[in-house]
Amino acid sequence: MTNRTSSIVEFPRCSRRRVEASFAGGDITSDGGVLLLRQAAGRSGLLRRVAALIEDPRRVASCDHSLRSVLEQRVFALALGYEDLNDHETLRRDVALQTGVGRDRTLAHPSTLCRLERRADRSWAWAVHRALFEHFVASMAAPPDEIVLDFDNTDDLVHGHQVGR
């Protein structure tokens, strides 16, 4: 026998928009996972930290989209499987992605995202690494005395003992 449920799962509001998951039809999206990404990003604070560490040379008064919202839009879309910038021509109007980014209106244009990616340089890479490292250390009860970075991705028991093997 089929077990049908009419329960509704409510998510935090996005501006004036009420967000809920229901299995009764209505506006349907296959990208509802963005709401979970939004909550994970909010709890971890990683994207917020990265946005604070990256220099934004744009004139704030002329911008419709904050650096943080543009980063969230790009990262969330990548996590949802939309790797091409041209996907954002449609995605910028997607209600689920808008809600995930915390906006209730049109998101950044693909050209804005392209300019963002073209500005990425070594300082941005350092900022992302710094944010990840600080997040890692903060996740521990006490900072470790030592961190070993093992860049060998093989799991070969012979490695380092090849002679005679």
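**Helix packing and burial in a predicted model**

I will begin at R48, which, if we set aside residues up to four places away in sequence, touches G42 and R68. This is a predicted model, and what I say about R48 and the other residues should be heard with that in mind. R48 sits in helix α2 and is partly exposed, with a relative accessible area of 40%. Its C-alpha atom is separated by 9.3 Å from that of S69, a residue 21 places apart from R48 along the chain.

Staying with α2, which spans residues 46–53, the buried residues of this helix are L47, V50 and A51. They cover an arc of only 100° around the axis, and therefore they lie on the same side of α2. As for what that side meets, the buried residues of α2 pack against α1, α3 and α7.

That brings us to α3, and I would like to look at two of its residues in turn. E72, placed in helix α3, has a relative accessible area of 8%, and because buried means under 20%, E72 counts as buried. Not counting residues up to four places away in sequence, E72 touches L47, A77 and V101, and L47 is one of the buried residues of α2 that I named a moment ago. Q73 is in helix α3 as well, and it is buried with a relative accessible area of 1%. Leaving aside neighbours within four places in sequence, Q73 is in contact with H88, R92, L97, V101, L107, A108 and L113.

How, then, do α3 and α6 pack, and at what angle? Helix α3, residues 67–79, and helix α6, residues 110–119, pack at an angle of about 95°, with their axes 11 Å apart, and because angles of 65 to 115 degrees count as roughly perpendicular, that is how these two helices are described. On the α3 side the contact is made by L67, V70, L71, Q73 and R74, and on the α6 side by T112, L113, L116, E117 and R119. Sorted by class, this contact has five nonpolar, two polar and three charged residues.

Within α6, the residues P110, T112, L113 and L116 are buried. They cover an arc of only 160° around the axis, which puts them on the same side of α6. The buried residues of α6 pack against α3, α4 and α7, where α4 is residues 88–91 and α7 is residues 122–138.

Let me turn to the nonpolar cores. In soluble globular proteins, nonpolar side chains tend to be buried together. Here the largest nonpolar core has 14 residues, and those with the most contacts inside it are V19, V34, L35, F76, L97 and V101. At least two residues of this core come from each of β1 (9–14), α1 (33–44), α3 and α5 (95–101). Taking V34 as a case, and again not counting residues up to four places away in sequence, V34 touches F76, L80, A96, L97 and G100. A second, separate core of 13 residues includes I54, V70, L85 and A131, and V70 is also among the α3 residues in the contact with α6.

I will finish in the segment after α7, where V163 lies. At 82% relative accessibility, V163 counts as exposed, because the cut-off for exposed is over 50%. V163 and F76 are 87 residues apart in sequence, and from C-alpha to C-alpha they are 48 Å apart in space.

Note on methods
Residues are numbered from 1 along each chain as its sequence is written. This is a predicted model: local features need pLDDT of at least 70, side-chain atom pairs count only at pLDDT 80 or more; totals for chains, interfaces and linings use all residues. Side-chain values use heavy atoms; hydrogens and water are left out. Axes are lines fitted to C-alpha atoms, for helices over the stretch in contact, and angles run from 0 to 180 degrees between N-to-C directions. Helices (H or I, at least four residues) and strands (E, at least two) are DSSP runs, numbered from the N terminus. Angles under 35 degrees count as roughly parallel, over 145 as roughly antiparallel, 65 to 115 as roughly perpendicular and the rest as oblique. Contact means heavy atoms within 4.5 Å. Ala, Val, Leu, Ile, Met, Phe, Trp, Tyr, Cys and Pro count as nonpolar, Asp, Glu, Lys and Arg as charged, and the others, Gly among them, as polar. A nonpolar core is a set of buried Ala, Val, Leu, Ile, Met, Phe, Trp, Tyr and Cys residues joined through side-chain atoms within 4.5 Å. Buried means under 20% relative accessible area, exposed over 50%, partly exposed in between (1.4 Å probe, protein chains only). The arc is that of the directions from the helix axis to the C-beta atoms.
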